[in-house]
Amino acid sequence: IADIKGGPKEGLELVGEQMMVRGWVRTCRSQKAFTFLEVNDGSCLSNLQCIIGPEAEGFGMIEAGSISTGASVAINGHLVESQGSKQKVELKASKLQLIGGSDATTYPVQKKKLSREYLRTIAHMRPRTNTFGAVSRVRNALAYATHKFFQDRGFIWVASPIITASDCEGAGEQFCVTTLVPNSTKDSSTPIQKIPSTKEGLLDWSQDFFGRPAFLTVSGQLNAEIYATALSDVYTFGPTFRAENSNTTRHLAEFWMIEPELAFADLKDDMACASTYLQYVVRYILEECKEDMQFFDQWIEKGIIARLNDVAEKDFRQITYTDAVDILLKAKTNFEFPVKWGCDLQSEHERYLTEKVFKGTPLIVTDYPKEIKAFYMRQNDDGKTVAAMDLLVPRVGELIGGSQREERLDVLEKRIEELGLEKASYWWYLDLRRYGTVPHAGFGLGFERLVQFATGIDNIRDAIPFPRTPGSAEF
Ligand code: 4AD
Ligand code: MG
């Protein structure tokens, strides 16, 4: 349907062509002589209107009431110019086939407006709605644009592992990996629960990865650094996991992260890469997803197209953490979390900066206190701050977190000791500084937060097909 509707003349150039369309019935309206079926195949927001008259093979199914909302159909016919004002073309059917029927009375996706909370409880059906169809297509376009951006600039994509023994962020927010051991009650040393399994009967599980502790990765950064110090610029793009038990509109337990790592680069290069990247993907969807973006502008967040156009065109603002704290201290707002130098910026502070002070433009905050940032960030000469940067955007808050990495072996070793981290387990990370170290920098962008930012969807649970949050893993 996208091939028809997305043509140079919205399908008029295809009038007279024979074709077959397959999809799901959105509505079925019968008039005296004809029945109109609105069919959607997910390739675009628009439905294709199909006219089924008594001469069409299969018309009897319409008379019998077998074709209803939610049913899957295949329709052969030829394209004609539409008499209606809503569309340029429609399909005049010669043959209608019912592929899979649907009981319209119990079909979960009813015509009335369904709340997004309700739709989360029917995650197997929600892609059939306009909103989730549009979010899925824009998410796909953002992923494609991401690969295109980095590939065009010579970055090499690296698959970082999902199972790992290291905790990149050092925040202890990891999920443990456990191993299922079939019927091993006798020899397993730490069976803590039995899980029913259809294959083996009861399974035991032990709280480790074949006898060693292992976790789901919180970030692919350390692995990306390994490759950046061999292949130069690289990026990862994959799922990451955080076991923070927080119920907010911007946190998921499983989210996708894009992590470029630039070799022979400093914080300035890192910020330039982040800004160019964000502007590129925003421009890409404005250009390639016009119909879906108009839908978001009309139904989800009024004015989003104009705001994204601004993001794509205007330079981002940049301030230091210290200046940001000064601004917040002078603010005539009662924050829930009081601000002082050394505190982590909370979402209310980030929103105040991007929405009230910098009026809607993305804002990069640099040089955070080392105490609130991870061990690997490069220390500044002041001894108090690190070469870090967070990119904040209105509504979503922190979209990107990045830094220049500590490439000096002695400084890094000292920091690891200061923080009481187990130095031995970082032996390979330290080797990167021991053999051919280079200044390097990178960042992580939360892909679902990008989808939120780009579509106006306000809850991160609606920016991913199957959200994983505390208590939700059903689908
Ligand atoms: O700021 P974070 O924790 O940085 C890192 O993980 C670095 N290792 C990245 C790097 O330099 N390569 O996370 C990066 C981004 C955040 O800015 C945010 O967009 C997203 O990941 N993020 C989450 N998104 C959804 N749910 C969560 N629980 C998230 N935690 C972080
Ligand atoms: Mg961060």
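1. A good way into this predicted model is through its domains: taken over C-alpha atoms, the centres of domain 2 and domain 3 are 38 Å apart. The domain assignment splits the protein chain into domain 1 (2-100), domain 2, which comes in two pieces (132-171 + 218-462), and domain 3 (178-213).

2. How far does the predictor trust its own work? The protein chain has a mean pLDDT of 93, and 95% of its residues reach 70 or more. For the complex, the predictor gives an ipTM of 0.99 and a pTM of 0.95. One habit worth keeping as you browse: where pLDDT is low, don't read the predicted coordinates in detail.

3. Now for the open sheet. Eight strands make it up, and you can walk across them in the order β6-β12-β13-β18-β17-β16-β15-β14, with mixed pairing. At the edges sit β6 (156-157) and β14 (317-320), each of which pairs on one side only. Helix α5 (residues 221-231) packs on this sheet and touches β6, β12 (234-241), β13 (254-263) and β18 (440-446). The direction of α5 makes about 25° with that of β13.

4. As a reminder, strands of a sheet pair through backbone hydrogen bonds, and they can do so parallel or antiparallel. Which sense do you find at the β6 end? There, β6 and β12 pair in the parallel sense, over two bridges, and Trp157 has Tyr235 in β12 as its bridge partner. Move on by one strand and the pairing of β12 with β13 is antiparallel, over eight bridges; in that pair, Thr236 stands opposite Glu259 of β13.

5. Further along the sheet, have a look at β16 (residues 388-393) and β17 (residues 397-404). These strands run antiparallel and are joined by six bridges. If you want a spot to zoom in on, try Leu392, which stands opposite Glu398 in β17.

6. What surrounds ligand 1? The shell has 24 residues, and the closest are Ser219, Gln221, Gly401, Gly444 and Gly446. The elements that give two or more residues to this shell are β13, β17, β18 and α13 (447-455). Of the elements, β17 gives the most, with six residues, so keep that strand in view when you look at the ligand.

7. How does the shell around ligand 1 divide by class? It has eight nonpolar, nine polar and seven charged residues.

8. Finally, don't miss the closed barrel. Five strands run β1-β2-β3-β5-β4 around it, and the pairing is mixed. On average, neighbouring strands here are turned by 55° against each other, direction ignored. One pair to check is β3 (residues 48-52) with β5 (residues 89-100), which pair in the parallel sense over two bridges. Within β5, Lys92 is the bridge partner of Ile51.

Key:
Residues numbered from 1 in each chain as written. Chains lettered and ligands numbered in written order. Predicted model: local features only at pLDDT ≥ 70, side-chain atom pairs only at ≥ 80, totals over all residues. Pairing = 2+ DSSP bridges. Helix = DSSP H or I, 4+ residues; strand = E, 2+ residues; numbered from the N terminus. Contact = placed C-beta atoms within 7 Å. Axes fitted to C-alpha atoms, helices over the stretch in contact; angles between N-to-C directions. Near = placed C-beta within 6 Å. Nonpolar A, V, L, I, M, F, W, Y, C, P; charged D, E, K, R; others polar. Domains from an automatic or database assignment. pLDDT = per-residue confidence, 0-100.
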